[in-house]
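Visitor: Before I examine the coordinates, I would like each label to be justified by its cut-off. Could we proceed in that manner?

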Amino acid sequence: MTPGVTIWRCVSCRAGYFPERLLCPRCHGAKFEPDRVHEAVVEEASVIRHMLGQENWQPHRIASVRTSDGQRLTVGLRDDAKPGATIELFEEDAAPFGKAKSL
Ligand SMILES: [Zn+2]
């Protein structure tokens, strides 16, 4: 498990994006560098109960979150974090996940 998830930061104006853009909508720059963001707030959570073609599918939760840097992304949830909750972001097998921040 790797802490944080990858976003792309415009080299000229430092705006962060996810997924990567071809051109920065803010300054039209075309150069990005990877950066990591570690925290997000849950905006919406749902449960995937079935997956077509998967017989041994275990229901799992996903959430639409907004990172502390402003990007919106979808992550797998490792606990029952509710909308409004602040979660810690991490990556496992290159997929983004989140779990409630331990206070
Ligand atoms: Zn830019």
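Guide: Let us begin with accessibility: a residue is buried under 20% relative accessible area, exposed over 50%, and partly exposed in between, using a 1.4 Å probe and protein chains only. This is a predicted model, in which local features need pLDDT of at least 70 and side-chain atom pairs count only at pLDDT 80 or more, while totals for chains, interfaces and linings use all residues. Residues are numbered from 1 along each chain as its sequence is written, and side-chain values use heavy atoms, with hydrogens and water left out.

Visitor: Why is Ala94 called exposed?

Guide: The relative accessible area of Ala94 is 73%, and the threshold is over 50%, so the label exposed applies. Ala94 is located in the loop between β8 (86–92) and β9 (95–100); strands are DSSP runs of E with at least two residues, numbered from the N terminus.

Visitor: What makes the phi of Ala94 notable?

Guide: Ala94 has a phi near 70°, a positive value in a residue other than glycine. Most residues other than glycine have a negative phi. Arg14 also has a positive phi, of about 70°, although it is not a glycine. With a relative accessible area of 43%, Arg14 is partly exposed.

Visitor: Where is Arg14 found?

Guide: Arg14 is in the loop between β2 and β3. These two strands form a hairpin with five residues between them, and Arg14 takes its positive phi there.

Visitor: How do you know that β2 pairs with β3?

Guide: Strands pair if DSSP finds at least two bridges between them. Two bridges join β2 to β3, so the criterion is met, and the strands run antiparallel. Within this pairing, Trp8 stands opposite Tyr17 in β3.

Visitor: How many bridges connect β2 and β4?

Guide: Six bridges pair β2 with β4 in the antiparallel sense. Ile7 stands opposite Asp35 of β4, and the bridge partner of Trp8 in β4 is Pro34. The result is an open sheet of three strands in the order β3-β2-β4. Its edge strands are β3 and β4, each pairing on one side only.

Visitor: What makes certain atoms donors of the zinc ion?

Guide: Donors are N, O and S atoms within 2.8 Å of the metal (3.2 Å for Na, K and Ca), and because water is not among the atoms, sites may look incomplete. The SG atoms of Cys10, Cys13, Cys24 and Cys27 lie 2.3 Å from the zinc ion, so they qualify as protein donors.

Visitor: Why is the site of the zinc ion called tetrahedral?

Guide: Four donors count as tetrahedral if all angles lie between 85 and 135 degrees. The angles among the four donor atoms are 101 to 114°, so the site is tetrahedral. Ideal angles for four tetrahedral donors are 109.5 degrees.

Visitor: Which spacing do the donors of the zinc ion follow along the chain?

Guide: The spacing is C-x2-C-x10-C-x2-C. Cys13, in the loop between β2 (5–10) and β3 (16–17), and Cys27, in the loop between β3 and β4 (32–37), are 14 residues apart and link distant parts of the chain. Cys27 has a relative accessible area of 31% and is partly exposed.

Visitor: How many aromatic pairs does the structure hold?

Guide: The structure holds two. Rings of Phe, Tyr and Trp (its six-membered ring) pair if their centres lie within 6.5 Å; planes under 30 degrees apart count as stacked, over 60 as edge-to-face and the rest as tilted. Tyr17 and Phe32 are 6.1 Å apart centre to centre with 80° between the planes, so this pair is edge-to-face. Tyr17 in strand β3 and Phe32 in strand β4 are 15 residues apart, and their pair links distant parts of the chain. Both residues are buried, Tyr17 at 11% and Phe32 at 13% relative accessibility.

Visitor: What makes the pair of Phe90 and Phe97 stacked?

Guide: Their ring centres are 5.9 Å apart and their planes lie at 20°, so the pair is stacked. Phe90 is buried at 3% relative accessible area, and Phe97 is buried at 18%.

Visitor: Which residue lies over the face of Phe97?

Guide: Arg78 does, at 4.0 Å from the ring centre. A charge sits over a ring if NZ of Lys or CZ of Arg is within 6 Å of the ring centre and within 35 degrees of the ring normal.

Key. Four donors count as tetrahedral if all angles lie between 85 and 135 degrees; four count as square planar and six as octahedral if opposite donors are over 155 degrees apart and all others between 65 and 115; anything else is irregular. Helices (H or I, at least four residues) and strands (E, at least two) are DSSP runs, numbered from the N terminus.
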